[in-house]
Amino acid sequence: MALIIQRAIQICLIANILKEDYGFDFTSTTEILFDDVIYPALCESYSSKEKCFNDKHKQRALWYKLLSDYNGKDLTKFIRKVFETNDI
């Protein structure tokens, strides 16, 4: 799990460079489904969206499960959502 998190951080850093230096459209995957999937599932546990979002590192396994449930059997559902509005 630690290696996956490390790789995700590296990919995010590279994506930010591509966004800032070359104008690519990029939104953190965490942010893409936050309003539609994550926060609705967790809203009763937090007093605000900001507090929920800022707690993501403590709830990583739960967030992963929620996103997996969002995909269901269609393993491309989430990535298709990402590329609807992003280059990378």
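# A tour from Lys 56 outward

Start by selecting Lys 56. Beyond its neighbours within four places in sequence, Lys 56 is in contact with Thr 30 and Trp 63. This is a predicted model, so read each stop as a feature of a prediction.

**Stop 1: Lys 56**

Keep Lys 56 selected and show the backbone around it. Lys 56 sits in the loop that runs between helix 4 (49-54) and helix 5 (60-71). Is Lys 56 buried or exposed? Lys 56 is buried, and it has no salt bridge. Now add Glu 31. Glu 31 is the nearest side chain of opposite charge, at 6.3 Å. A salt bridge requires a side-chain nitrogen within 4 Å of a carboxyl oxygen, so a pair beyond that limit does not count.

**Stop 2: the whole chain**

Zoom out and colour by secondary structure. The chain has six helices and zero strands. Along the sequence the pattern reads α-α-α-α-α-α. Along the principal axes, the C-alpha atoms fill a box of roughly 40 × 30 × 25 Å. The chain has 88 residues, and 25% of them count as buried. Among contacts between residues at least 6 apart in sequence, 51% join residues at least 24 apart. Switch on the surface. About 6,600 Å² is exposed, with 57% of it supplied by carbon and sulfur atoms.

**Stop 3: salt bridges from helix 3**

How many salt bridges does the structure hold? There are five. Three of them are worth a visit here, beginning with Asp 35 and Lys 49.

Select Asp 35 and Lys 49. Their side chains meet in a salt bridge, N to O at 3.1 Å. Asp 35 lies in helix 3 (residues 34-42) and Lys 49 in helix 4, so the pair ties together parts 14 residues apart in sequence. Asp 35 is partly exposed, at a relative accessible area of 46%. Lys 49 is partly exposed too, at 42%.

Move to Asp 36 and select Lys 81 with it. The two form a salt bridge whose closest N and O atoms are 4.0 Å apart. This pair links distant parts of the chain: Asp 36 is in helix 3 and Lys 81 in helix 6 (residues 77-85), 45 residues apart. Asp 36 counts as exposed, with 53% relative accessibility. Lys 81 counts as partly exposed, with 24%.

**Stop 4: a salt bridge inside helix 5**

Select Lys 65 and Asp 69. Their side chains form a salt bridge of 2.8 Å, N to O. Both residues belong to helix 5 and are four residues apart, about one turn of the helix. Each is partly exposed: Lys 65 has a relative accessible area of 46%, and Asp 69 has 47%.

**Stop 5: Asn 71**

Stay in helix 5 and select Asn 71. Asn 71 counts as buried, at 16% relative accessibility. What does the Asn 71 side chain reach? It reaches the backbone nitrogen of Phe 78, at 2.8 Å. Leaving out residues up to four places away in sequence, Asn 71 touches Lys 77 and Phe 78.

**Stop 6: a nonpolar patch**

Finish on the surface. Select Ile 17, Tyr 22 and Phe 24. Together they form a nonpolar patch with about 330 Å² of accessible area. Tyr 22 lies in helix 1 (residues 2-22). Tyr 22 is exposed, with a relative accessible area of 61%.

Definitions and conventions: Residues numbered from 1 in each chain as written. Predicted model: local features only at pLDDT ≥ 70, side-chain atom pairs only at ≥ 80, totals over all residues. Heavy atoms only, no water. Helix = DSSP H or I, 4+ residues; strand = E, 2+ residues; numbered from the N terminus. Buried < 20%, exposed > 50% of the residue type's maximum accessible area, 1.4 Å probe, protein only. Lys, Arg positive; Asp, Glu negative; His and termini not counted. Contact = heavy atoms within 4.5 Å. Patch = residues over 30% accessible without salt bridge, like charges linked within 9 Å, V, L, I, M, F, W, Y side chains within 5 Å. Areas by Shrake-Rupley, 256 points an atom, 1.4 Å probe, with all protein chains shown as cover. Polar contact = N/O pair within 3.5 Å; in protein donor to acceptor, adjacent residues only side chain to side chain.
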